[in-house]
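Visitor: I'd like a close look at one enclosed space in this protein and the elements around it. Pick a single spot, start there, and work outwards.

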Amino acid sequence: MAGRFCGVLAVLAVFLSGLNASRPLVNQELSNIFNELWRLDVNRMTPGLDYTISVQGRASYVNQGSHVVQDHAAQPLFSNVNENKLMNTTTIPRFTKLLDNYERSTGETEQVTAEELTETDLFLDAVLETEVMKRAHKYLVSKGQSSSNLRQFKNQLRLIWFNLYHRQRNTGLDSSGFEHVFVGETKSGTEIIGFHNWIQFYLQEKSNHLDYKGYKARQQDFPDQDDHVLNLQFSWHGVVKPVGSAFIGTSPEFEMALFTIVFLMNTERSTTVLVNIDQCQMELVVIRHGRSLGTAYPKLLSSNNRHVRQHSH
């Protein structure tokens, strides 16, 4: 049960509307490579063994920008995480060092120190040594999207994820793909943008900066403690995110590899690919900001092989 990729948090609308022509087809090639990366992700945490989540109640509707929200989860989302395992992986300790390197608010220019540049470098080195990123690199080379030269590939990852750019006009360089996706940002003090990472969620929750308010799902769907993708509502430093989505338990390198492949295999400003990973069907959404990443997140459509059963009827 614990090995299941995700539980009963599905969005059924796609299937209830029938297999209409507007529905995108599953990208089988990307599904195949992503399942390979899934199997190679040795730093992935196992639900029920390495961590326990408590999904609790269904979150209510909240307007974007609202500070008033009903709490449908009295307890934290993460009731237990094996920090020994978390910090004994090759990549996660280097990942967590990066989480305090950013100004939370957009519009505030990022000041990058020599120490922070070194931390980024060490993190990228660790990621490049994982089997997950080695396989992703090999795939991208075979597609002519990356150089086989490791230094050039590292620079490519740095440009996609860590290059600073203007997210807010008339300000200094205030954002990056990594900050937006993995750390999270606030906009005008009223909106949380980005913030799609479970480790940051857990650490912020543990330090009482974040309050989990409940899960988001269709009326007939109930999430499960084994889920590896969740839709969540939460407040962070007093600002509410009406609905956010994240992988749960996966390693930073798995998420980076996945979204880097989607980013490089497409040229549109906004890309959505439909993929099956383990027992889940999901959309992976990637929006670019020039040659760098603007945002990237998973959007769950179906779990527990429901999409497989749907086709067999």
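Guide: Let's start inside the largest cavity, which holds about 40 Å³ of space. Keep in mind that this is a predicted model. With a threshold of 30 Å³ or more, the count comes to one cavity. Its lining is made up of Phe 195, His 196, Asn 197, Phe 201, Leu 232, Phe 234, Gly 244, Ser 245 and Ala 246. Two elements, strand 6 and strand 7, each give two or more residues to that lining, and strand 7 gives the most, with three. By chemistry, the lining residues split into five nonpolar and four polar, with no charged residue among them.

Now follow those two strands outwards. They belong to an open sheet of three strands in the order 5-6-7, paired antiparallel. Strand 5 (210-215) and strand 7 (239-247) sit at the edges with a single partner strand each, so one side of each has no neighbour in the sheet. From one strand to the next, the twist averages 35°.

Strand 6 (residues 229-236) is worth a slower look. How many of its residues are buried? Eight of its eight, so to speak the whole run, which makes it a mostly covered strand. Both of its faces are covered. One side carries Val 229, Asn 231, Gln 233 and Ser 235, and the other carries Leu 230, Leu 232, Phe 234 and Trp 236, all buried. Two names from that second side, Leu 232 and Phe 234, also turn up in the lining of the largest cavity.

As for its partners, strand 6 runs antiparallel to strand 5, with five bridges joining them. Within that pairing, Leu 210 stands opposite Trp 236, and Gly 214 faces Gln 233. On the pairing with strand 7, seven bridges join the two strands, again antiparallel, and here Val 229 stands opposite Phe 247. Strand 6 and strand 7 form a hairpin with two residues between the strands, and His 237 in that hairpin takes a positive phi near 50°.

One helix completes this neighbourhood. Helix 9 (residues 198-206) lies across strand 5, strand 6 and strand 7, running at about 120° to strand 5.

It's handy to have another sheet to set beside this one. The chain also has an open sheet of three strands in the order 8-9-10, with antiparallel pairing. Its edge strands are strand 8 and strand 10 (292-302), each pairing on one side only. Here the neighbouring strands are turned by 20° against each other on average, ignoring direction. Strand 8 and strand 9 pair antiparallel over eight bridges, with Ser 270 bridging to Ile 287 in strand 9. Two helices pack on this sheet. Helix 2 (residues 28-40) touches strand 8 and strand 9, and its direction makes about 65° with that of strand 8. Helix 10 (residues 252-265) touches strand 8, strand 9 and strand 10, at about 60° to the direction of strand 9.

The loop between strand 8 (270-277) and strand 9 (280-289) holds Gln 279. Is Gln 279 buried or partly exposed? Its relative accessible area is 25%, so Gln 279 counts as partly exposed. Its C-alpha atom is 8.4 Å from that of Ser 302, which is 23 residues away along the chain.

For another kind of space, try the second largest pocket, with a volume of about 210 Å³. Its lining includes Asn 101, Tyr 102, Glu 110, Arg 158 and Ser 176. Helix 5 (114-128) and helix 7 (150-162) each supply at least two lining residues, and helix 5 gives the most, with three. The pocket lining divides into five nonpolar, three polar and three charged residues, whereas the lining of the largest cavity has no charged ones.

Finally, step back to the whole chain. The secondary structure comes to 11 helices and 10 strands, and 54% of the 313 residues count as buried. Among contacts with a separation of 6 or more, 69% are between residues 24 or more positions apart.

Definitions and conventions. Residues are numbered from 1 along each chain as its sequence is written. This is a predicted model: local features need pLDDT of at least 70, side-chain atom pairs count only at pLDDT 80 or more; totals for chains, interfaces and linings use all residues. Side-chain values use heavy atoms; hydrogens and water are left out. On a 1 Å grid over the protein atoms alone, a cavity is a set of points where a 1.4 Å probe fits but cannot get out, and a pocket is an open set with protein on both sides within 12 Å along at least five of seven lines; lining residues have an atom within 4 Å of a point. Grid points are joined across faces, edges and corners, and a volume is the space filled by probe spheres set on the points. Helices (H or I, at least four residues) and strands (E, at least two) are DSSP runs, numbered from the N terminus. Ala, Val, Leu, Ile, Met, Phe, Trp, Tyr, Cys and Pro count as nonpolar, Asp, Glu, Lys and Arg as charged, and the others, Gly among them, as polar. Buried means under 20% relative accessible area, exposed over 50%, partly exposed in between (1.4 Å probe, protein chains only). Two strands pair if DSSP finds at least two bridges between them. Axes are lines fitted to C-alpha atoms, for helices over the stretch in contact, and angles run from 0 to 180 degrees between N-to-C directions. Contact means heavy atoms within 4.5 Å.
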